[in-house]
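Let's take a relaxed first look at this structure. Have it open as you read.

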Amino acid sequence: MLTLDQLSHRYPRARAAALDRVSLTAERGSVLGLLGPNGAGKTTLISHLAGTLPVQQGEIRVDGQPLQQVRAQAPGRIAVAPQEYAFYPMLSVRENLACFGAVSRLRGARLQGRIESCLAFAKLEGHADVRAERLSGGLKRRLNLAIALLPDPELVLFDEPTVGVDPQSRAFLLDAIRSLARERGAAVIYTSHYMEEIEAIAERVVILDQGRVIRQGPLEALLAEGGPVLTLSAPGADTALLARFGELRDDGPRLRLRLAAGNTPASVLAALDAAGTPARQAEFGRGNLEQLFMSLTHRSLRDDA
Amino acid sequence: MPALLWSLMKKELLALARDPHGLAALFLMPLMFIVVMSLALKDVYAPSQASLPYAVQSRDDGELATSLIRQWQRGHGAPQALPADWPERLRSGRLKYVLVLGPGLSEELAQPTLPTTARIQLLTDPAIDGNLFNALRSELGGLAGELKARHALSDTDAPPPPPNASMMALVQAERQAAHSGPRPTSVQQNVPAWLVFGMFFVIASLASLFVQERASGTLARLRSLGVPHAALLASKALPYLGVNAVQAALMLAVGVWLMPRLGGDALSLTGIRWGALLLALGSIAAAAVGLALVLACAVRTHAQAAATGPILNVLMAAVGGIMVPKFVMPAAMQRLAEWSPMNWGLEALLAVLLRGGGVAAVLPHAARLGLFASAMLLLAWFLFRKTAP
C-alpha cells in the first residue's frame, strides 16, 4: 500500500541527513514495526507521512499515487497517532471526537456513527462526557487512538503509543492496534522504543539508525539472525573460561556468549558447574531485537543518538 | 469549509468558556476597572471643593478681612475651629489647607492700589493635587481682588452694583460638548478607556490555547488532517472578534445601567451616532485580534505568552492614555501616545461617546486601526506559515 523509495531529508543547517535513502513498504492487514534510537529519523519519517514535511528527495507513494496527491484528495486515508496527547484537554472525550471528526470532513449521521464506533473500539463509552484533562494516562492514550481512527484510515502510524501507560492499558492498546491490521485490514506502522512490543505485534520490522535503514525484513527472519547465542547470568563466573566457548560480551548483569562451532549450551553450563560458579539463569535458541540492534550498531536502542 | 471552520471555532469558544482565569481577564477585569475608576474619579469633572476640611487663622479683625472669610465660606463651607496643632494636622493631611489672614489685610484691601506684600497665606497639605492648589490660590486672589474693587467703587459716585454682580460673572466657562451630546463625566471617560484596554486583552487569551495546541502536537494533527493555514487562523480570529463584541455590549451596559445604581453617573448614549460607534468598535476589535494573532504565532511557551501579553497590554495602556489621560502628559509623551493603537481606539470612542462625532470624526482613527490590523494579519500569516507544521 505504502512505498517509500530512496527518501532523503536534510534539515536546514544540519550537518547530516535526517533520512538517507530510506526505502520500505507497508502492506494492508500487516503491522510494520519501526525501530530506532532517538535521532534515528523516525520522527522525520512520520512527519513526511503526516504531510507536515515536504519530500526533498525520493518518493512516497500510496497505491502508486504520490502521497501529496493522496493527502490533497483524502487526507483521512492516512492517520497519525502522535506520541503527545494531541487533543484538547478542556473538552470532553465526545467533544474532542466531534471536533476532530468535523475536521476530518465527517458530517451528520456518518460523524455520529464514527464517534460511537471509535468510542466503542477504544472502550471509552463510559468516559465520553469526561473532560480529557481528567482522564488517566492510559485513557488519554486510548483517546489519542480513537481520534486517529475517526476518518477510518487505511494507513495508521503510531508513534510510541504506549509511553507512560500501565500494563493493562498497554496490553489493551497492543490488542487494539493488532486488530486494526488483522481484522480491519489497515496498514499499520508502529514505532516504539519497547522491543518486546514490536516483537509482540509486528510482522515486519525496519531498523533505522542515523537516518538509514540498517536492516529490514520479516520479524522471524531478523530474530533468527542473531545465531547461536547463549545469554547467561552466572555471578563470579570466570570470563576467560567462558571465552573459550566463543565470542563473549558483557551486557551488565548478563553475559552473551555467541557459541563457536562445535560448542553447545550444555558444555558451557557443565564447565560453569565444574568451576563452582553455576549459572542462575540461561536462555538459548532465540535472539531478540535489542540484541540484533546492538550487534549491528554496538549501541543500545534507548541510548540517545 | 463552513462546517470545518465552525467546529474549530466552537472548540475555541468551549475552551474559553472553561477557562475562568481567561474569562475574568476578558470580562471581569475591565468591568471592575470601569466601576472602580469611575467612582474614584467621580468628582474630577465636577470637583467639589466644599468638602475639603480647612481652617482659618485670622490676625485681622477688620471689616474687609471678615468679609473675605464670609465670602470664602459661601463656596467652601464653614471652616473647622483652628486646632493648636494645625501645622502638624496640615502635614499629615487631616487638614487640607489653612488660610492665614495677616494683620493689615483689611487696610490693604481698602487701598486703591495693587498690593506688593503678601497679606494672605494659603498653607496646604503637601499631598494636595497641583490643579486644586492652583485653583484655591486663584480663587483666593480673585476674591481679594473683587473685595478691593467693590471697596474702591464704593468710594466713587457710581451706583452700587446689583446683588448678583461679581467679577466671576465676567467669565463663562464650559466644556464644549455636541449640542445634543453627552455631558463629560468620569463614566463617559472611563468606559471608553477601559473598554479599549479590555478588548486588547484578547492577546493573552488567544495566545494561550495556541501555544498549547502547538506544544501538544494538536496543531500538527490538525495540519495532517488537511486543515488549511487560513482556516486555522480564521478559527482563532473570528471567535475573538465575537468576544470583543460581547465585551463592548457588556461595558456599555455597565456604564448605562450599573453605574447609576452604584451611585455614579450614568453613561449617556443619547444622541450617539451608532454607525460611528460600530465603526470604532469594529476597528478596535480588528486591531486587537490582529495583534493577538501575531503574538500567538511569535511566542513558543506558556510562560512567554503569560508574560508578554499582559506586559504589552499594560505598556500600550500606559503610553496610550488609558491609565493617564493624554492631555495631562508632557508634549513628548503625547507624541509617543499617538503611536499606541490603544490611543487610536480611545480617541475613536471618545469622538463618539464624548464629542458626539459621526463616521467622519471616527474615520481617521479607524483608518489607522484598520491599517494596523492589516499589517498584523499579514505578519501573523507570515509567522504562522513559517512556524506551523
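Here is a short tour of a pocket, a ring pair and a surface patch.

This is a predicted model, in which local features need pLDDT of at least 70, side-chain atom pairs count only at pLDDT 80 or more, and totals for chains, interfaces and linings use all residues. Residues are numbered from 1 along each chain as its sequence is written, chains are lettered from A and ligands numbered from 1 in the order in which they are written, and side-chain values use heavy atoms, leaving out hydrogens and water.

Start with the second largest pocket, which has a volume of about 750 Å³. Among its 28 lining residues, A:Gly51, A:Thr52, A:Leu53, A:Gln68 and B:Arg223 are the closest to its centre. Four elements, tabled here, give two or more residues to this lining.

| Element | Chain | Residues |
|---|---|---|
| β4 | A | 57-62 |
| α2 | A | 67-73 |
| α9 | B | 218-224 |
| α15 | B | 359-387 |

The top contributor is α2(A), with four residues. By type, the lining divides into eleven nonpolar, ten polar and seven charged residues.

Now for the rings: the whole structure holds ten aromatic pairs over all chains (ring centres within 6.5 Å; planes under 30 degrees apart are stacked, over 60 edge-to-face, the rest tilted). B:Tyr54 and B:Tyr97 are stacked because their ring centres are 5.0 Å apart and their planes meet at 10°. This pair links distant parts of the chain, with B:Tyr54 in β1 and B:Tyr97 in β2 of chain B, 43 residues apart.

Lastly, B:Val328 sits in the loop between α12 (302-319) and α13 (331-337) of chain B.

How values were computed. 1 Å grid on protein atoms, 1.4 Å probe; cavity = no way out; pocket = protein on both sides within 12 Å on 5 of 7 lines; lining within 4 Å. Points joined across faces, edges and corners; volume = space filled by probe spheres on them. Nonpolar A, V, L, I, M, F, W, Y, C, P; charged D, E, K, R; others polar. Phe/Tyr/Trp six-rings, centres within 6.5 Å; stacked < 30°, edge-to-face > 60°.
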